[in-house]
Amino acid sequence: MSDANQKMTTENTVLDLTQFELKPGTTLVEASAGTGKTYTIKYIVLDLLLKGLSISEILVVTFTEAATKELKDRLQSFLFTEVEPALTNPSLKVDAALRSVLDRAIVAQEEPAVKHCIRKAMLEIDQAPVYTIHGFCQRALQENAFAADANFDSEICANVTPIVE
């Protein structure tokens, strides 16, 4: 086996959001603090919304409660203060990536359909499933209690010390 075949291909590539289009499947965004994960996730969510998914069908999982709150807040702000104004006022100066994503969606499905997707997401933003890993697991266990053969009121404990004591 050659050295080239033995190396893992973990190229660092910069995501060009003006050309970005999500491919089917699972998307993992993994990066250090302050590198633009939330910015990227906003565009991934926008792309999925514009492809017809509802906000409640898009799962975002992160590590901390603080990160989930910030992410939900930033998604809501993105829809209300950037995306919707850019749609209602095409001459408004906005981020090139946002204009590119919206223009591509409008060409693909026409402006009324794009506006409908975004307005629907704005109405349903409180239902956005943004969870910590523990929160998602607890939700999955509660929603699938019969299939998991678990109690309906089961709870995931982050700290088991009190139980052990």
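**Entry 1. Terms and model**

I began with a term: a residue is called exposed when its relative accessible area is over 50%, buried when it is under 20%, and partly exposed in between. I noted that the model I examined is a predicted one.

**Entry 2. Lysine 69 and its partner**

I looked up K69 and found a relative accessible area of 53%, so K69 is exposed. I then examined D73, which is partly exposed at 38%. K69 and D73 form a salt bridge, and their closest N and O atoms are 3.0 Å apart. I recalled that side chains of opposite charge can pair when their charged atoms come close. I also asked why K69 and D73 are separated by about one helical turn. They stand four residues apart in helix α3, which covers residues 65-88. I recalled that an α-helix has 3.6 residues a turn, so residues three or four places apart point the same way.

**Entry 3. Other salt bridges**

I asked how many salt bridges the structure holds. The count is six. I looked at the one between R119 and E84, where the N to O distance is 3.9 Å. R119 belongs to helix α5 (residues 111-124) and E84 to helix α3, so this pair ties together parts that are 35 residues apart in sequence. I found R119 partly exposed, with a relative accessible area of 42%. E84 is partly exposed as well, with a value of 21%.

I next turned to the salt bridge between K51 and D47, whose closest N and O atoms are 3.1 Å apart. I asked whether D47 is buried or exposed. D47 has 6% relative accessibility and therefore counts as buried. K51, at 42%, counts as partly exposed.

**Entry 4. Cysteines**

I searched the whole structure for disulfides and recorded zero. I recalled that a disulfide is a covalent bond between the sulfur atoms of two cysteines. I looked up C117, which is buried with a relative accessible area of 16%. I also looked up C137, which counts as partly exposed at 33%.

**Entry 5. Helix α2**

I checked the length of helix α2, residues 37-50. At 1.5 Å a residue, its 14 residues should span 20 Å, and the end C-alpha atoms are indeed 20 Å apart, which agrees. I then asked why α2 is largely enclosed by the rest of the structure. Twelve of its 14 residues are buried. Among them are T38, I41, Y43, V45 and D47. I noted which elements these buried residues pack against: β1 (60-62), α3, α4 (96-109) and α5. Just after α2, I found that G52 takes a positive phi of about 105°.

**Entry 6. Lysine 42**

I located K42 in helix α2. With 7% relative accessibility, K42 counts as buried. I listed its contacts, leaving out residues up to four places away in sequence, and found R74, L75, F78 and E82.

**Entry 7. Leucine 98**

I located L98 in helix α4. At 1% relative accessibility, L98 counts as buried. I asked which residues L98 touches, not counting those up to four places away in sequence. They are Y43, L46, F78, E82, V83 and A86. I compared L98 with V83: they are 15 residues apart in sequence, and their C-alpha atoms are 7.4 Å apart in space. I noted that F78 and E82 appear among the contacts of K42 and also among those of L98.

Key:
Residues are numbered from 1 along each chain as its sequence is written. This is a predicted model: local features need pLDDT of at least 70, side-chain atom pairs count only at pLDDT 80 or more; totals for chains, interfaces and linings use all residues. Side-chain values use heavy atoms; hydrogens and water are left out. A salt bridge is a side-chain nitrogen of Lys or Arg within 4 Å of a carboxyl oxygen of Asp or Glu. Buried means under 20% relative accessible area, exposed over 50%, partly exposed in between (1.4 Å probe, protein chains only). Helices (H or I, at least four residues) and strands (E, at least two) are DSSP runs, numbered from the N terminus. A disulfide is a pair of cysteine sulfur atoms within 2.5 Å. The expected span of a helix is 1.5 Å times one less than its number of residues. Contact means heavy atoms within 4.5 Å.
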